[in-house]
Amino acid sequence: MKTVKTILEVRNQVQAWKKEGYSIALVPTMGYLHEGHASLIKRAASENEKVVVSIFVNPIQFGPGEDLDSYPRDLDRDTILCENAGANLIFTPEVSEMYYVDALTTVSVNGLTNGLCGAKRPGHFDGVCTVVSKLFNIVLPDKAYFGEKDAQQLAVIKRMAHDLNFPIEIIGCPIVREEDGLAKSSRNNYLSSKERQAALILHKSLTKGKELLSAGEKSAKLLKQIIKNELESEVLAKIDYIEVVDALSLTTIDIVDKPILVAIAVYIGKTRLIDNFIWESK
Ligand code: AMP
């Protein structure tokens, strides 16, 4: 496995692989990798001959006051994880390599970005779509792998790839969790041990919601209320949002009569965590 920092090096390597007829996968990440990322890389390696992992803390997807400066980084550890998971190339560019200082272009997906994290983090998805478009054009993969942990991001990227005719298959991969249910996240690293315990409330509240749906409840309002009550039982938790939306359009729904996405964002202390599940109505 090689690690490169320039666009030219990625292009040369991928071009050489394509000449050999190899299929190419891309797994975009911001580093500080964990088993969630490893699951994407392993899946990519099982379905493609060559896997490129990008590690880039993308400044333009962070808003003012967010954690860009404190975002955890550990390239040595990430390198071992990538190698073990079956990656062939790490692309870890500097910000100056990715962004021209005089760049005028932003990629924006409308509609799907209005609610959920899009409403709470203005400009976030423009930053995500712009960097992912650039990575697609740099790596030219056949398939790209994203986690369902970021459900809105996955929906937005799928739509962007469709709307802009990227000849790339977008593949969603299931959420990987700690044994106690907490969704793996690089941001879990910020949590004190007390906060780590408190963070379990995200998964617990969603589980309560799932139980309600399993019992046949169809009211989105009631579903949200049950999740809210559970989250509020944890003093260290501060709700950012609880949303029940159509799984495809991401628009809010009142009655659960089609596949839905139940998504929450919760502050545990200063750390903002997200979690979700998809419910396919019977
Ligand atoms: P990030 O480094 O947080 O930007 O994440 C890079 C990719 O890994 C995204 O597609 C995430 O959705 C995915 N990912 C992050 N955490 C998990 C997880 N716990 N399970 C599955 N995928 C994940």
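Here are some numbered notes on the fold, the ligand site and two backbone details of this predicted model.

1. Let's start with the overall build. The protein has 10 helices and 9 strands. Its radius of gyration is 19 Å, close to the 19 Å that the globule rule gives for 282 residues, so the protein is as compact as a globular protein of that length. Measured out along the principal axes is not the right phrase for a model, so let me simply say that the computed C-alpha trace spans about 55 × 40 × 40 Å along them.

2. Now to the ligand and its place in the protein. The space that the ligand takes is the largest cavity. Three elements each give two or more residues to the shell around the ligand: strand E2 (24-29), helix H2 (35-47) and strand E5 (143-147). Helix H2 makes the largest contribution to this shell, with 3 residues.

3. Which residues come nearest to the ligand? There are 17 residues around the ligand, and those that come nearest are His37, Gly147, Asp150, Val176 and Lys184. By residue class, the shell divides into 8 nonpolar, 6 polar and 3 charged residues.

4. You will probably want the polar atom pairs for any pose comparison. The side chain of Asp150 has an N or O atom 2.6 Å from an oxygen atom of the ligand. For Gly147, the partner is in the backbone: one of its N or O atoms there lies 2.9 Å from a ligand oxygen atom. Val176 also uses a backbone N or O atom, which lies 2.9 Å from a nitrogen atom of the ligand. On its own the ligand has 470 Å² of accessible area, and the protein covers 92% of that area.

5. Finally, two backbone angles are worth a look. Where does Tyr32 sit? Tyr32 is in the loop between E2 and H2, and its phi is near 50 degrees, a positive value in a residue other than glycine. Asn165 is not a glycine either, yet its phi is positive, at about 55 degrees. The loop that holds Asn165 runs between helix H7 (151-163) and strand E6 (169-173).

Methods:
Residues numbered from 1 in each chain as written. Predicted model: local features only at pLDDT ≥ 70, side-chain atom pairs only at ≥ 80, totals over all residues. Heavy atoms only, no water. Near = heavy atom within 4 Å. Polar contact = N/O pair within 3.5 Å; in protein donor to acceptor, adjacent residues only side chain to side chain. Areas by Shrake-Rupley, 256 points an atom, 1.4 Å probe, with all protein chains shown as cover. 1 Å grid on protein atoms, 1.4 Å probe; cavity = no way out; pocket = protein on both sides within 12 Å on 5 of 7 lines; lining within 4 Å. Sits in = over half its atoms within 2 Å of the grid points. Helix = DSSP H or I, 4+ residues; strand = E, 2+ residues; numbered from the N terminus. Nonpolar A, V, L, I, M, F, W, Y, C, P; charged D, E, K, R; others polar. Rg over C-alpha atoms; globule rule 2.2 N^0.38 Å.
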